[in-house]
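Biologist: Please take a close look at one single part of this protein for me, and then show me what lies around it. I am still new to reading structures, so plain words would help.

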Amino acid sequence: MSCLMNLYETYEANKDFVGKIDYMHSGQSFTLLPVSHTTQTAHIEVAVTEDGSFHTAHVIDKNDRDTIIPCTEDSASRAGAVIAPYPLHDKLSYVAGDFVSYGGKIKDKDHEPFSSYINNLKKWAESPFTTSQVKSIYTYLSKRLLIKDLVAEKILWLDENGQLITKWNDKYKALCGDKKPDIFSSVASGQDSAFVRFTIYSKGKSLQKVWLDKEMYDSFTHFYNEQLSERDLCFVSGQWLPATEKHANKIRNAGDKAKLISANDTSGFTYRGRFNESHEAASISYEVSQKAHNALKWLIRRQARIVDNRVFLVWSIHNDKVINPEDDIYDISHLSAEMEDPSAYTNSEFANQFKKAMDGYRNKLDPNAKVNILILDSATTGRLAILYYRSMQQNVYLQRLADWHSQCVWQHDYRKGKDKQLLAYFGAPATKDIAYAAYGSKASDKVVKGLMERMLPCIVDEKRVPKDIVHSTFYRARNPVAIDRWEWEKTLSIACALINRQEYENNNGRGFTVALDEQNIDRNYLFGRLLAIADVLEHRALKSEDWRLSNATRYMNEFSEHPERTWKTIQSSLVPYQARLGHGGLYLTQLIDDVAAKISYQDFDNQPLTGKFLLGFYSQRHQLYQKKKDADSVTETN
């Protein structure tokens with residue numbers, strides 16, 4: 001219930017956005033829906049004059065079809081043969097009084113959809129909350145002339161028997177002017193399934209479109225609120241208010257039938273045995289349900305990340321932009337102006353810099369603001385589940401983000417910056433990148449979303465990183481032969497970040513740095529250094545601009561399993577390269593001897609290496625490349 005309460009408060013805090021149209025990255029429009037309203041895809045727009053006569057109509061362009069419409073509890077969840085009309089805009093079978101006369105088929109002749117629709121519209125038009133637009137539309141539709149007018153306007157088309165053409169066929173070209181009418185391209189299931197929206201035309205006034213008119217929203221909301229009578233204790237607000245058992249669908253998108261709250265007992269027996277009636281399990285008022293669900297829909301379209309229909313949503317009630325826990329440092333730097341170039345820090349410097357950036361970001365926010373983290377998904381088409389939910393003070397949230405990005409930290413160079421160039425950066429990898437590092441670049445969305453869900457508690461709740469994820473990444477990182485170079489480099493740096501975080505967890509906050517630790521005599525770390533020196537030596541001897549796997553990296557996997565035995569093979573293969581380098585290779589040869597000498601006699605065996613081996617490999621290779629760069633720089637200067 002706390003999740004619904006926070007969504008309800010989010011709605012109340014953002015009322016100014018109700019009805020305001022915004023656009024997603026895909027170009028699709030969305031808005032914070034008014035209470036008792038939903039969205040539908042309309043195909044035909046009909047303009048009615050103020051005195052209730054037909055004016056014009058047209059087939060709606062596909063980019064303008066999303067329409068805010070009033071709805072009742074029954075119409076919002078209608079399915080199958082149930083007759084439950086929307087209050088104003090609806091399908092042709094509901095809004096056209098002459099639907100049957102033109103061959104339209106209805107399932108029950110004794111219960112015409114139009115009769116139910118027009119009776120409900122009449123109640124609204126005659127209520128004290130009505131508007132002139134409602135009266136005009138009611139007056140026109142009462143005449144039962146809609147299809148006749150749409151045929152005359154050449155929107156709908158009849159066959160040779162004067163009946164609506166149900167499915168397009170080229171044989172109708174002669175009747176339709178030798179071309180396929182737009183309505184058949186707009187409505188895939190036939191003309192009789194077209195959804196019609198209405199607006200008002202005025203000769204002397206410029207009127208707001210009916211579905212964008214705030215006065216119309218308020219009119220129906222007040223009218224429908226008067227229809228609600230049965231009160232119950234709302235578990236969310238704690239007040240006695242008109243209750244509902246029919247909650248909203250279309251939460252993730254317009255075609256989503258899954259509901260967060262639903263119950264059945266005639267077939268599924270989902271609550272019998274514990275409760276007599278479903279409302280005993282959860283009673284929620286109509287207003288709270290509407291506002292909470294509308295807020296959730298708005299937030300998902302506005303800022304959620306959706307992977308294979310699993311929703312990852314982070315929000316603050318007061319509409320502050322919130323840092324996403326799944327982001328890496330580049331995404332975060334877009335939110336925090338205090339974030340400087342994060343490419344050249346040690347761990348501690350980076351931690352301080354990140355904390356400073358978080359403090360700067362924190363100062364812009366409401367100190368009492370809460371951050372909500374929510375994951376939603378559905379196993380079936382009808383039920384939506386909350387897989388994860390946390391609500392916490394923003395200070396706590398930001399501190400945990402700072403800890404994550406300061407502990408699961410390594411240097412990465414796989415990410416493209418704004419200028420589309422590969423840039424080295426320092427920080428924690430994004431959870432999506434961790435998924436690809438652990439399971440490969442061709443991992444399915446199902447696998448990726450599962451890992452993202454498992455990583456979230458590690459960041460937000462400071463849980464340990466699951467061992468299987470660290471192990472999987474480690475095993476892929478030590479096997480460069482199996483993957484492309486770019487993927488291996490990316491996997492290697494992410495594996496180092498995860499192993500570093502694991503070291504923080506196991507050693508009371510003491511991790512590794514990218515900078516080489518020459519005092520470290522851990523066996524795994526030293527073996528990693530040896531392999532890195534062999535790799536650099538071979539590449540320097542070849543002086544080839546085309547990158548290729550060295551013998552050291554070819555044997556990397558085997559080396560990690562049997563270091564003593566494999567090192568003999570690698571070292572013997574280095575002899576021709578040492579000879580080619582001559583005096584120039586003396587430093588690296590001596591370095592091999594120095595590092596090998598630090599490994600005790602007892603440790604120089606075939607015991608498999610742990611993840612620290614990758615840290616030693618990366619740090620030693622990084623140091624040697626840095627020295628080479630520095631030497632080249634001095635030479636150029638001279």
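Modeller: I will start with one strand, follow its partners, and then move on to the charged pairs and a few other spots.

First, some ground rules. This is a predicted model, in which local features need pLDDT of at least 70 and side-chain atom pairs count only at pLDDT 80 or more, while totals for chains, interfaces and linings use all residues. Residues are numbered from 1 along each chain as its sequence is written, and side-chain values use heavy atoms, with hydrogens and water left out.

Our strand is β13, residues 310-316. Helices (H or I, at least four residues) and strands (E, at least two) are DSSP runs, numbered from the N terminus. How many of the seven residues of β13 are buried? The count is seven of seven, so the strand is mostly covered. Here, buried means under 20% relative accessible area, exposed over 50%, and partly exposed in between, using a 1.4 Å probe and protein chains only. In a regular strand the side chains alternate between the two faces of the sheet. In β13, R310, F312, V314 and S316 point one way, V311, L313 and W315 point the other way, and all are buried.

Next come the partners of β13. Two strands pair if DSSP finds at least two bridges between them. β12 (residues 305-307) pairs with β13 in the antiparallel sense over three bridges, and R305 stands opposite F312. The hairpin of β12 and β13 has two residues between the strands, and D308 there takes a positive phi near 50 degrees. β14 (residues 370-377) also pairs with β13 in the antiparallel sense, over six bridges. Here S316 stands opposite V371 of β14.

Now for the charges. A salt bridge is a side-chain nitrogen of Lys or Arg within 4 Å of a carboxyl oxygen of Asp or Glu. The whole structure holds 29 of them. One of these joins D90 and R78, with 2.9 Å from N to O. D90 is in β7 (residues 90-91) and R78 is in the loop between α2 (73-76) and β7, so this pair ties together parts that are 12 residues apart in sequence. D90 counts as buried because its relative accessibility is 0%.

Another salt bridge links K214 to D218, with the closest N and O atoms 3.1 Å apart. These two are four residues apart in helix α8, so about one helical turn separates them. K214 is exposed, at 54% relative accessible area, whereas D218 is partly exposed, at 31%. The chain also brings D218 and P34 into the picture: they are 184 residues apart along the chain, yet their C-alpha atoms are separated by 8.2 Å.

A third pair is K490 with D433, where the closest N and O atoms are 3.2 Å apart. K490 sits in helix α16 (residues 485-506) and D433 in helix α13, so the pair ties together parts that are 57 residues apart in sequence. Both K490 and D433 are buried. Salt bridges that share partners also join R252, D256, D308, R310, D377, K449 and E453 into one network. Notice R310 in that network, as it belongs to our strand β13.

Staying with D433 a little longer, it has a relative accessibility of 13%. Contact means heavy atoms within 4.5 Å. Leaving aside neighbours within four places in sequence, D433 is in contact with D328, Y414, K490 and I494.

Two further backbone spots have a positive phi in a residue other than glycine. S36 has a phi near 65 degrees and is found in the loop between β2 (29-30) and β3 (37-41). At 1% relative accessibility, S36 is buried. K250 has a phi near 55 degrees, in the loop between β10 (240-244) and β11 (284-285). K250 is buried as well, at 8%.

Finally, the cysteines. How many disulfides are there in the whole structure? The search finds zero, a disulfide being a pair of cysteine sulfur atoms within 2.5 Å. C71 is buried at 3% relative accessibility, and C234 is buried at 1%.
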